[in-house]
Amino acid sequence: MAKKQDSTISDKQIKEAKDAATELTSASNGGKLLEMYARYLEIYFMDGMETPKNAGVDKDDWKLTTSPSGRNAVIGMVRLLNTSELRVTVNSKGEKHRNSDKIEAGLKEMLRVSGRFHRARIEKDANLSAVLFGPVVLQTERVDDLKKVHKSDLLRKRVEKIADLTPFLLRALPADQSFGGWGEFGLLRHLRKYKMKGDALTERWGVEASATKEYTVWDSIDLNNRVVWADGIKDNLLAQRHGMDDLNIAVRYAGGSSLFTEPARHIQSFLYAHAKGEWDKRENLFWTYLFTAIFIQGLPGPLLVFDPESVNSQTKIEVDFTGGVRKIVGKATPVEFPVIDRNVLEVKRMMDEVDAESTIYKQTLGQNIAGSTFSGLAMLSSSGLLPLQDPKEAVSTAFADSFEHILCRIKNEGISHRVLSANDIPDEYEVSVSLEPKLPQDTLRNAQTAEGLGDTVSDEWKQENLLQVTDTKAMQKQIMKEKMREMMLMTMSQNQPLMTEFLMTALGRKPSAPPSQPPMQPPMQQPMPPEMMMPEGEEEPALTPGQENVIPPPMTGPVNPPMPGG
């Protein structure tokens, strides 16, 4: 796919790829992972409600209530990450390359175009995957490779339109569709197993399939080959040598570790302790108890105890709440039975504290902080950023891996595209990606910090690290334009005719002609004194040869000598 070479593979290689894919999804490898992902989805979609075991109680009397705390914690974390902005830096030989800003703009354009064909931005899907599941899985595909699998002219034209917009497409894969085989130096093989309707299968792979039928697709790739097939489709969707230097899949774990042997223990996501301890089910129990008690005991009215000997067919009890005062008429003893036990409320408070230690403090997501100390208020920023560290690192590293894969293919394959070309990429490079939350209050604080630093650091450092300016060179040019404009306006303001002409031109009017000046009169010559005039009848003496170019000595005295008595 990437290099011009024989891309066919043997039937033996195809069988080996399919056997390896089956092994990745086995119970010992992928089975436990899928069980854990199912628990996370259960918490996120609030589906883990248990029904009461007491069959003697009317089911309509139970007010089953699912706790939203797990889902709220995930959504709160994802919202903080969604305010972040990806910043890409390309270094070459230890320094930022001169085309770093241009390369960043090109990679972001590919990411933006890729998001147009999905229900949400690629970054949002990656953020949710990092918080909810733990792994961030990104797939990168060259658009020209997609055109090769289509047999329909209509679908091929659709892909060609995408190729005009971007040379590569990125996609965030669901973690429960991803199965990886790791080696000492990274990912050796990857399988994506997913379900797809027949019409979508035809659109993607160019095969004939029933439009309404759902197919299970197996997409297996290793260091050499890529094999794709679907259950129910006779021929393989794709089976060839891909020719890439590395896999087009980037996988990073948020909170994961390689210290453990079992694949299910490699991933320790944000909800791991919450799910393992079944805190969601304990909270469901509390809320169900609370609202059931209110319904059964609180709403019907007061509890009365009767003397058995005094109860007969003539017994009449009247309860009146007029004026907000409860009045009971009858031979009965009212019992003040609390609807909610205070001890249960204390247990709930302890549950909230323990759960916050394993997920995120609610105050960092906007809960009321009245009564908190100043030190506690000051630490809210840190307590909110600490849980964000793992997903931030996973998302940024996964995008850095995908961007390096794109740049490598553009450089090696000599791709020339209006978004990014091989000539823009240096021979040696390293891509780094940062992801920092960008909230209004953070922008104000960073601007104040940048102003306070003065000349201790460069303006470029302030713009890049504090003000989150992505293209520092373009910002410097814009600053110079604004300064030059201010200098021009200041100069024109000191020259009234020029300022008037500028304003008239800006208003679309023809500048008026300046007032005409009277013609310059030749200076009047003063009459020569009589002693300097030639007598009548005499001619001016002729010059001897050589005197034509003689310059007379300057006159040291006044041209008109003073008159006597002056």
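In strand 15, glutamate 430 is the bridge partner of asparagine 91, and this pair offers a convenient way into the structure, which is a predicted model. Strand 1 (85-92) and strand 15 (430-436) run antiparallel and are joined by seven bridges. Together with strand 2 they form an open sheet of three strands in the order 2-1-15, with antiparallel pairing. Strand 2 and strand 15 are the edge strands of this sheet, since each of them pairs on one side only.

Between strand 1 and strand 2 (95-96) there is a loop, and lysine 93 has its place there. Most residues other than glycine have a negative phi. Lysine 93, although it is not a glycine, has a positive phi of about 55 degrees. With a relative accessible area of 72%, lysine 93 is exposed, because residues over 50% are counted in that class. A second residue of this kind is glutamate 278, which is likewise not a glycine and has a positive phi of about 55 degrees. Glutamate 278 lies in the loop between helix 10 (272-276) and helix 11, and its relative accessibility of 28% makes it partly exposed.

From that loop the chain can be followed into helix 11 (residues 279-298), where lysine 281 is found. Is lysine 281 buried or exposed? Its relative accessibility is 18%, and it therefore counts as buried, the limit being under 20%. When residues up to four places away in sequence are not counted, lysine 281 touches Arg39, Glu42, Gly48 and Glu50.

Another antiparallel pairing is found between strand 8 (residues 225-230) and strand 9, over four bridges. Here asparagine 225 stands opposite arginine 241 of strand 9. In a regular strand the side chains alternate between the two faces of the sheet. Strand 9 (residues 238-241) shows such an alternation, with Leu238 and Gln240 pointing to one face, where they are buried, and Ala239 and Arg241 pointing to the other, where they are not.

The interior of the model can be approached through its nonpolar cores. The largest of them has 57 residues, and those with the most contacts inside it are Leu107, Met110, Leu138, Phe399, Phe403 and Ile410. Helix 14 gives the most to this core, with ten residues. Phenylalanine 399, leaving aside its neighbours within four places in sequence, is in contact with Leu86, Leu111, Ile122, Glu123, Ala126, Leu138 and Val433. Apart from this core lies another, of 13 residues, among them Val149, Val228, Ala230 and Leu237.

Helix 14 also holds cysteine 408, which is partly exposed because its relative accessible area of 24% falls between the limits for buried and exposed. Outside its neighbours within four places in sequence, cysteine 408 is in contact with Asp245 and Tyr429. Cysteine 408 and isoleucine 425 are 17 residues apart in sequence, and their C-alpha atoms are 8.9 Å apart in space.

The remaining topic is the open space in the model. Rolling a probe the size of a water molecule over the atoms shows where empty space is left. The largest pocket contains about 1,100 Å³ of space. Its lining is made of 31 residues, and Phe117, His118, Arg171, Glu203 and Arg204 lie nearest its centre. Two or more lining residues come from each of strand 3 (135-142), helix 7 (153-165), strand 4 (168-173), strand 6 (186-197) and helix 8 (198-205), and strand 4 gives the most, with five residues. By class, the lining of the largest pocket has 15 nonpolar, five polar and eleven charged residues.

The second largest pocket holds about 740 Å³ of space, and 31 residues line it, with Trp182, Val251, Tyr253, Ser258 and His266 the closest to its centre. At least two lining residues are supplied by each of helix 2 (27-44), strand 3, strand 5 (178-183), strand 10 (249-253), helix 9 (263-266) and helix 14 (380-413). Strand 5 gives the most to this second lining, with six residues. The residues of this lining divide into 14 nonpolar, 13 polar and four charged, whereas eleven charged residues are found in the lining of the largest pocket.

Notes:
Residues numbered from 1 in each chain as written. Predicted model: local features only at pLDDT ≥ 70, side-chain atom pairs only at ≥ 80, totals over all residues. Heavy atoms only, no water. Buried < 20%, exposed > 50% of the residue type's maximum accessible area, 1.4 Å probe, protein only. Contact = heavy atoms within 4.5 Å. Pairing = 2+ DSSP bridges. 1 Å grid on protein atoms, 1.4 Å probe; cavity = no way out; pocket = protein on both sides within 12 Å on 5 of 7 lines; lining within 4 Å. Points joined across faces, edges and corners; volume = space filled by probe spheres on them. Nonpolar A, V, L, I, M, F, W, Y, C, P; charged D, E, K, R; others polar. Core = buried A, V, L, I, M, F, W, Y, C linked by side-chain atoms within 4.5 Å.
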